[in-house]
Amino acid sequence: MTRDTVFAAELPWHEYQSMVQDGATPVLIPLGSMEQHGHHMPMHVDVLLPTEFARRVAARISALVAPPFTYGYKSHQKSGGGNFFPGTTSLDGASLVNALRDVIREFARHGVRHLCIVNGHFENSWFITEAIDLALRELRWDGNERVKVVVLSYWDFVDDASVERLYPDGFLGWDIEHGGVLETSLMLRLHPDLVWLQDAVEHAPASFPPYDVYPPKPEWTPASGTLSSPMEATAEKGDILLDVCTRGIVNALLTEFTTQRKLAAAT
Ligand code: ZN
Ligand code: MN
């Protein structure tokens, strides 16, 4: 490729075609949400972060990054504060499933054989799984059995050693990290102009009963919208996260995509 971009939509179509038509170039699709992230960050954190991980990974494995999904599934109270916040703007599950299924099928039509969904919003998870299943089923009906999709959420690549460095006072779990140290540290490193730490609200970690109620009870969620305090976030912690997650995702994709390429060459 001659152009200095990994973003597929920044290419003219014929150059894109030459990269993907034989299945050689993986395509990474970031998936986010428009969701409140407390008083100290904007509402597209879940889009910015997976898009940046995808950009870094794509540069290392010669992949392309598709335009991100900027809306996601509804915010769940125990992992995103709840869908009742003004600003949080979500898709029904079926809408997300259908849109992602369509996009996977379109990339397959272009020739893409290796896809990776880079998720940045926890609540998307099972709808991604369903979209992939439906897309692969449809492709099989057309006789296309060669498409492989890897799905991952970037925070799952944070290892125990990094957790100890990020949370020296103890780790409370990814589910209440919404707007907390993880996302705020990454944003401080990548988009410091979009973090207003002076507006952050310090509060005790959210604690929920072991059941859900619908309609949800807003009083269960800390009023600021975050589920744990971002006060311990630093740009240096952002570097730790960028390093461990990027390395982990690169290794995963080299494993999954290279193996398939070798198998394809051998048969
Ligand atoms: Zn988030
Ligand atoms: Mn989210």
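How many bridges join strand 1 to strand 3? Five do, and the two strands run parallel. The close-up views below are taken from a predicted model.

**View 1. The open sheet and the order of its strands.**
Four strands make up an open sheet, arranged in the order 2-1-3-4 with parallel pairing. Strand 2 and strand 4 (148–153) are the edge strands, each pairing on one side only. In general, the strands of a sheet pair through backbone hydrogen bonds, in either a parallel or an antiparallel manner.

**View 2. Strand 1 and its partners in the sheet.**
Between strand 1 and strand 3, which run parallel, there are five bridges. Two bridges connect strand 1 with strand 2, again in the parallel sense. Val-27 has a bridge partner in each neighbour: Leu-115 in strand 3 and Leu-64 in strand 2. For Leu-28, the bridge partner in strand 3 is Cys-116.

**View 3. Side chains of strand 1.**
Strand 1 is mostly covered, with five of its five residues buried. Val-27, Ile-29 and Leu-31 point one way from the strand, while Leu-28 and Pro-30 point the other way. The chain passes from strand 1 through helix 2 to strand 2, and this β-α-β crossover is right-handed.

**View 4. Helices packed on the sheet.**
The pairing of strand 1 with strand 3 over five bridges is again part of this view. Helix 2 packs on the sheet and touches strand 1, strand 2 and strand 3. The direction of helix 2 makes about 165 degrees with that of strand 1. Helix 4 (residues 93–110) also packs on the sheet, in its case touching strand 1 and strand 3. For helix 4, the angle between its direction and that of strand 1 is about 165 degrees.

**View 5. His-114 in strand 3.**
His-114 is found in strand 3. Its relative accessibility is 4%, so His-114 counts as buried. The C-alpha atoms of His-114 and Val-149 are 6.1 Å apart, although 35 residues separate the two along the chain.

**View 6. The manganese site.**
Which residues are the protein donors of the manganese ion (ligand 2)? They are Glu-35 through OE, Asp-46 through OD and His-121 through ND1, at 2.0 to 2.3 Å from the ion. The spacing of these donor residues in sequence is E-x10-D-x74-H. Glu-35 and His-121 link distant parts of the chain, being 86 residues apart. Glu-35 sits in the loop between strand 1 (27–31) and helix 2 (45–61), whereas His-121 sits in the loop between strand 3 (114–119) and helix 5 (125–141). Glu-35 is buried, with a relative accessible area of 2%, and His-121 is buried with a value of 1%.

**View 7. The zinc site and the shared donor.**
The zinc ion (ligand 1) is coordinated by His-37 (NE2), Asp-46 (OD) and Glu-183 (OE) at 1.8 to 2.1 Å. In sequence, these donor residues are spaced H-x8-D-x136-E. Which residue coordinates both the zinc ion (ligand 1) and the manganese ion (ligand 2)? Asp-46 does, and the two ions are 3.4 Å apart. Asp-46 in helix 2 and Glu-183 in helix 7 are 137 residues apart, so that this pair also links distant parts of the chain. Asp-46 is buried, with a relative accessible area of 3%. Glu-183 is buried as well, with a relative accessible area of 6%.

**View 8. The cis peptide bond before Pro-215.**
Tyr-214 and Pro-215 are joined by a cis peptide bond, with omega about -5 degrees. Pro-215 is located in the loop between helix 7 (181–190) and helix 8 (235–266). Most peptide bonds are trans.

**View 9. Backbone of Ser-62.**
Ser-62 has a positive phi of about 55 degrees, although it is not a glycine. Most residues other than glycine have a negative phi. Is Ser-62 buried or exposed? Ser-62 is exposed, because its relative accessible area of 56% lies over the 50% cut-off. Ser-62 lies in the loop between helix 2 and strand 2 (64–65).

Terms used
Residues are numbered from 1 along each chain as its sequence is written. Chains are lettered from A and ligands numbered from 1 in the order in which they are written. This is a predicted model: local features need pLDDT of at least 70, side-chain atom pairs count only at pLDDT 80 or more; totals for chains, interfaces and linings use all residues. Side-chain values use heavy atoms; hydrogens and water are left out. Donors are N, O and S atoms within 2.8 Å of the metal (3.2 Å for Na, K and Ca); water is not among the atoms, so sites may look incomplete. Buried means under 20% relative accessible area, exposed over 50%, partly exposed in between (1.4 Å probe, protein chains only). Two strands pair if DSSP finds at least two bridges between them. Contact means heavy atoms within 4.5 Å. Axes are lines fitted to C-alpha atoms, for helices over the stretch in contact, and angles run from 0 to 180 degrees between N-to-C directions. A crossover is right-handed if, with the strands pointing away from the viewer, the path from the first strand over the helix to the second runs clockwise.
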